[in-house]
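Subject: Structure for you to look at

Dear colleague,

I am passing on a structure that will be new to you, and I would be glad if you could open it before reading further. My notes come after it.

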Amino acid sequence: MELVTTHTHTCFTNHGEGTVEELVSAACAAGVSTIAVTEHYPLSEAFDPTHYVSMDAGRVDEYLAAIEAARKTHPEIEVIAGCELDWLGGDEDRDLSPEDFAPFGVVLGSVHFVDRWPFDDPAQRGRWDEVGADAIWRRYFEVWCEAVLSDAPFTVMAHPDLAKKFGILPSFDPQPLYEQAAEACAAAGRMVEVNTSGLHYACKEMFPAPALLAAFRRAGVPCTVGTDAHKPAHVARGIEQAYRLMAQAGYRTVTVPTADGDRREVTIE
């Protein structure tokens, strides 16, 4: 069946590798039929002073031009211009408008900051011991639900249970949090992704966990697949395994965003 990835990164941040052309070329070589290039949307200097985790605001036009060039060079693959937008809630300090996101066919919604704290940053790992997993998990899902129910232009909610990245789980059963997240996502009409990168972190499990993915399926939330590749060699990593995880959760199709803002369905075989 078709291979799709709607979550990928490039050298337009200081923690990614490879040009857009190299990424799309690698996707073609791997047999990918649709790729969304979704670089981290610019953060303010207060959150990202060295442009390590997000794109420099002055390079957005260059980024979009690189995607358009790759699209023209590779007519054999659908190339979608996208971005990954951090939800900052009440700490938002950017002047964002709908016009800012008009060029993007896919906008991934992400929660990497909880009350300004980049909780999934390995350099911040020690604070988990100070705050405690239970409090962090509860607050993370509270913020995640705020994001999904907001008026932000999110197409797909990325790595929904990112709180498990370090393999630190709460002492309580997270199922009620999963149900709340699924209900919120369904009410907002958002999509979610199976993000294959979790297999390569301490949690050793794709995002979302099987129980959370099943909750999304029961709630009728459409699901796509993203590899979250930060180098071209990883562009197709784990896609077929993600399809199997979706099938086990009860999904029969993968929902794929299209460049014109629509969606299409790919049957899981």
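Below I describe a pair of helices and then two pockets.

Please keep in mind that this is a predicted model. I would begin with helix α5 (residues 133-148) and helix α6 (residues 175-188), which pack at an angle of about 10° with their axes 9 Å apart. Since angles under 35 degrees count as roughly parallel, α5 and α6 are therefore roughly parallel to each other. On the α5 side the contact is made by Trp137, Arg138, Phe141, Trp144, Cys145 and Val148, which meet Leu177, Tyr178, Gln180, Ala181, Ala184, Cys185 and Ala188 in α6. Sorted by class, the contact of α5 with α6 comprises eleven nonpolar residues, one polar and one charged.

Turning to the pockets, the largest has a volume of about 800 Å³. Its lining is formed by 31 residues, and those that lie nearest the centre of this pocket are His15, Tyr52, Val53, Asp120 and Lys165. The lining of the largest pocket divides into twelve nonpolar, nine polar and ten charged residues.

The second largest pocket holds about 240 Å³ of space. It is lined by 15 residues, of which Leu96, Phe101, Asp151, Ala152 and Pro153 are the closest to its centre. Two elements, β3 (78-86) and α3 (98-101), give two or more residues to the lining of this second pocket, and by class that lining has nine nonpolar, two polar and four charged residues.

With best wishes

Notes:
Residues are numbered from 1 along each chain as its sequence is written. This is a predicted model: local features need pLDDT of at least 70, side-chain atom pairs count only at pLDDT 80 or more; totals for chains, interfaces and linings use all residues. Side-chain values use heavy atoms; hydrogens and water are left out. Axes are lines fitted to C-alpha atoms, for helices over the stretch in contact, and angles run from 0 to 180 degrees between N-to-C directions. Helices (H or I, at least four residues) and strands (E, at least two) are DSSP runs, numbered from the N terminus. Angles under 35 degrees count as roughly parallel, over 145 as roughly antiparallel, 65 to 115 as roughly perpendicular and the rest as oblique. Contact means heavy atoms within 4.5 Å. Ala, Val, Leu, Ile, Met, Phe, Trp, Tyr, Cys and Pro count as nonpolar, Asp, Glu, Lys and Arg as charged, and the others, Gly among them, as polar. On a 1 Å grid over the protein atoms alone, a cavity is a set of points where a 1.4 Å probe fits but cannot get out, and a pocket is an open set with protein on both sides within 12 Å along at least five of seven lines; lining residues have an atom within 4 Å of a point. Grid points are joined across faces, edges and corners, and a volume is the space filled by probe spheres set on the points.
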